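User: Please take a close look at the aromatic ring pairs of this model and describe how they are arranged. I would also welcome an account of the charged contacts and the loops that surround the topic.

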Amino acid sequence: MRVEEAAALVPTSFAARIAALEAEGGPPGAAWVDALPHLIAEVLQEWELSVDGPTMTGQCALVVPVRGPDGRVALKLGWPHREADHEHLALRRWDGRGAVRLLCADPRRSVLLLERLTTEDLADLWDEEAVRVVAGLYADLHVAPLPQVPALVPWVEEVLSRPAVAALPRRYVEQARSTLRSLGSLGGDRLLHGDLHYGNVLSDGTDWVAIDPKPVTGHPAWEVAPLLYNRVDEMGTGASLRWSVRRRVEVACEVADLDEALVRAVSALREVVNAVWASEDDDPERVSLAVALIKALGD
């Protein structure tokens, strides 16, 4: 495939979004987008692949349906950033159990060859059913840690030390720090997906599997929070939000045999982290959502 043809595979909206990103351990978004058509053309030739359908995009990756020696598969080209550095290691460790199967990886270029999944996700499932599906994947995904994957506690400690913390209610920050200290003393760390929510689960035609991990090593209680801030509009506000948030936690803990009080506390901690990031990004709407979820999780 010529570079000009490869460029046509990159949606304009995706290119614009990535081009606005500053470097996070790799090239700036604009530089990566400029080089992307060349990368696509190179990998297609090197791996003997041909385009086999319309491209799809994630938050930071382009997925090209392709056909090659392994049949119908998917080529994932991701903008290199720290959260995705160890994706290939986690996928190789899971080896298709609870997650999309990795067929080939070139981590230096942030390129993965994956099994081809369907486009069916959990968006149309009843809320509690969707929670059960996601929490049901924990048993396969939460395996012994990999030494290369970063540890959760020191990473969160760094986030809670940033200046943006000062913009948040002090009691929430102190509660978060207390929870983090407790979490660090619990032990039982496992390999976590890191971003396991409804949109990151697809059907392989038979079973539901996780995609797009942001691997981290930590306590499984950390894994539940993304179930609370996705499909959030369905939960309403006020008392309805409180009930719905707690019900999602209850269902996830029931399926995964997790301690409900611990999961609520750790999910509130994770929302403080999300609020710090949102404050740094000047996103008051996300800060407000974080505060609402922290209140709903509290006693």
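Analyst: A residue is called buried when its relative accessible area is under 20%, exposed when it is over 50%, and partly exposed in between. By that scale W277, at 26% relative accessibility, counts as partly exposed. The model considered here is predicted.

The aromatic pairs come first. A pair of aromatic rings is described by the distance of the centres and the angle of the planes. Searching the whole structure yields three aromatic pairs. In one of them, the ring centres of W155 and W222 are 6.0 Å apart and the planes stand at 75°, so this pair is edge-to-face, given that planes over 60 degrees apart are assigned to that class. The two partners belong to distant parts of the chain: W155 is in helix α7 (residues 152-159), while W222 is in the loop between β10 (216-218) and α9 (226-229), and 67 residues separate them. Their accessibilities fall into separate classes, since W155 is partly exposed with a relative accessible area of 30%, whereas W222 is buried at 2% relative accessibility.

W155 also pairs with W277: here the ring centres are 5.8 Å apart and the planes are at 40°, so the geometry is tilted. Because W155 sits in helix α7 and W277 in helix α11, this pair ties together parts of the chain that are 122 residues apart in sequence. Through such ring pairs W155, W222 and W277 are linked into a cluster. W155 takes part in both pairs described above, with W222 and with W277.

The loop that holds W222 also contains V224, which is placed between β10 and α9. V224 is buried, with a relative accessibility of 0%. In space, the C-alpha atoms of V224 and R248 are 9.0 Å apart, and in sequence these residues are 24 residues apart.

Helix α11 (260-280), which contributes W277 to the cluster, is flanked by two loops that merit attention. On one side is the loop between α10 (238-256) and α11, where D257 is found. D257 has a phi near 55°, a positive value in a residue other than glycine, and at 68% relative accessibility D257 counts as exposed. On the other side is the loop between α11 and α12 (284-297), which holds D282. D282 likewise is not a glycine, and its phi is positive at about 55°. With a relative accessible area of 66%, D282 is exposed. D282 also belongs to a negative surface patch, which is formed by D281, D282, D283 and E285.

The charged contacts complete the account. The count of salt bridges comes to 21. One of these contacts involves helix α10: R132 forms a salt bridge with E254, and their closest N and O atoms are 3.1 Å apart. R132 is in helix α5 (residues 127-136) and E254 in helix α10, so that distant parts of the chain, 122 residues apart, are linked by this pair. R132 is partly exposed, its relative accessible area being 33%.

A further salt bridge joins R72 to D52, with the closest N and O atoms 3.5 Å apart. R72 lies in strand β4 (residues 71-78) and D52 in the loop between β1 (50-51) and β2 (56-57); the two are 20 residues apart, and the pair links distant parts of the chain. Both ends are partly exposed: R72 has a relative accessible area of 47%, and D52 is at 27% relative accessibility.

The salt bridge of E174 with R177 has its closest N and O atoms 3.2 Å apart. E174 and R177 are three residues apart in helix α8 (residues 170-186) and are therefore separated by about one helical turn. E174 is partly exposed at 33% relative accessibility, and R177 is partly exposed with a relative accessible area of 29%. Elsewhere, a network of salt bridges links E42, E46, D106 and R109.

To return to the part you asked about, the cluster of W155, W222 and W277 is held in ring pairs, with the edge-to-face geometry belonging to W155 and W222 and the tilted geometry to W155 and W277.

Conventions:
Residues are numbered from 1 along each chain as its sequence is written. This is a predicted model: local features need pLDDT of at least 70, side-chain atom pairs count only at pLDDT 80 or more; totals for chains, interfaces and linings use all residues. Side-chain values use heavy atoms; hydrogens and water are left out. Patches are made of residues with over 30% relative accessible area and no salt bridge: like charges are joined within 9 Å, nonpolar side chains (Val, Leu, Ile, Met, Phe, Trp, Tyr) within 5 Å. Accessible areas come from the Shrake-Rupley method with a 1.4 Å probe; for residues, only the protein chains shown count as cover. A salt bridge is a side-chain nitrogen of Lys or Arg within 4 Å of a carboxyl oxygen of Asp or Glu. Lys and Arg count as positive and Asp and Glu as negative; His and the chain ends are not counted. The place of a charge is taken as NZ of Lys, CZ of Arg, CG of Asp or CD of Glu. Helices (H or I, at least four residues) and strands (E, at least two) are DSSP runs, numbered from the N terminus. Rings of Phe, Tyr and Trp (its six-membered ring) pair if their centres lie within 6.5 Å; planes under 30 degrees apart count as stacked, over 60 as edge-to-face and the rest as tilted. Buried means under 20% relative accessible area, exposed over 50%, partly exposed in between (1.4 Å probe, protein chains only).
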